[in-house]
Amino acid sequence: MQERITWRKDWLSIYESPFSVYDKICYANVITQNEFFKHFSSPSDSSDSFLLIRGLDHAKIENLISYPLKSQSLNTITMLSEDFLNYKDHPDDFFNKNLYYCSHCSMTGYHSLFFQFKYVKECPFHLEPLKNNCRVCNKSLTYNFHKIPLNTQSCTKCKEPILFHKHSYPNYKTYTKSDIKSQDVLDLLNMDIKFKQILKGISFPRIKLREKEDLNSVLYIISEIKRST
Ligand SMILES: [Zn+2]
Ligand SMILES: [Zn+2]
């Protein structure tokens with residue numbers, strides 16, 4: 001792999017997942033996923049969030065794209081999960097290990113950490129239900145880095161790409177906070193301190209077992225608790 005690569009910072013959207021960033025690097029530079037993994041492999045650190053993809057040298061990748069991918073991702077992970085955390089919980093408990101994608105966003109090469117958050121069931125930008133199954137063979141997809149001889153992460157059964165780049169590259173559509181249309185997600189992001197304190201007091205004992213949870217009902221419970229106090 002060359003030391004200088006084709007890369008533009010304005011290809012990145014807000015809350016973009018590391019999965020999506022690695023896919024863009026590979027597509028833009030015609031690198032296979034296994035070449036990328038080989039070039040950036042490092043001893044796996046289990047203290048890293050699985051959302052960063054363990055076993056990759058994140059500092060080396062950041063250096064290559066001149067972007068603080070790890071700290072930006074951790075900021076998003078913390079921002080979404082911190083008010084849900086009980087003393088026994090870990091931020092990763094609130095994110096799906098199965099991969100969820102939006103049909104619209106995936107056509108523009110974009111995948112968001114929001115899609116992996118257990119309290120987000122629909123794309124905050126398009127209000128489309130998020131999907132977990134391959135659009136061709138219906139196999140359930142996992143948030144993982146498969147070392148495959150293809151430029152994009154793909155279904156392990158039928159090889160259908162998960163994200164499509166050819167319609168967008170090199171002018172990727174980017175999403176900003178002002179593109180968020182989901183009122184529930186905006187309410188979560190703009191939650192005031194009193195609501196946050198109530199949320200912190202709620203325990204989610206079965207969160208590790210569940211795929212997706214209903215954000216609207218949590219927001220409703222909080223507003224009811226606030227109203228009655
Ligand atoms: Zn979308
Ligand atoms: Zn498939």
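Start with the whole chain on display: of its 229 residues, 30% count as buried. The model is a predicted one.

Colour the chain by secondary structure next. Nine helices and zero strands should appear, so the order of elements from the N terminus is α-α-α-α-α-α-α-α-α. The radius of gyration is 18 Å, close to the 17 Å that the globule rule gives for 229 residues, so the chain is as compact as a globular protein of that length. Turn the view along the principal axes: the C-alpha trace spans about 60 × 35 × 30 Å. Contacts can be shown here too. Among those between residues at least 6 apart in sequence, 64% join residues at least 24 apart.

Now go to the largest nonpolar core, which has 46 residues. Select Tyr101, Phe115 and Phe117, the members that touch the most others in this core. Then add the helices that each supply at least two of its residues: α1 (18-28), α2 (33-40), α3 (58-65), α4 (69-81), α6 (113-116) and α7 (183-189). The largest share, five residues, comes from α1.

Zoom in on Phe117. Which residues is phenylalanine 117 in contact with, leaving aside its neighbours within four places in sequence? Select Leu80, Phe94 and Phe95 to see them.

Finish at α2. Its buried residues are Gln33, Phe36 and Phe40. They cover an arc of only 60 degrees around the axis, which puts them on the same side of α2. Show α1 and α3 as well, since both are included in what covers the buried residues of α2.

Methods:
Residues are numbered from 1 along each chain as its sequence is written. Chains are lettered from A and ligands numbered from 1 in the order in which they are written. This is a predicted model: local features need pLDDT of at least 70, side-chain atom pairs count only at pLDDT 80 or more; totals for chains, interfaces and linings use all residues. A nonpolar core is a set of buried Ala, Val, Leu, Ile, Met, Phe, Trp, Tyr and Cys residues joined through C-beta atoms within 7 Å. A residue is buried if 20 or more other C-beta atoms lie within 10 Å of its own, exposed if 12 or fewer, and partly exposed in between; C-beta atoms are placed from the backbone. Helices (H or I, at least four residues) and strands (E, at least two) are DSSP runs, numbered from the N terminus. Two residues are in contact if their C-beta atoms, placed from the backbone, lie within 7 Å. The arc is that of the directions from the helix axis to the C-beta atoms. The radius of gyration is taken over C-alpha atoms; the globule rule is 2.2 Å times the number of residues to the power 0.38.
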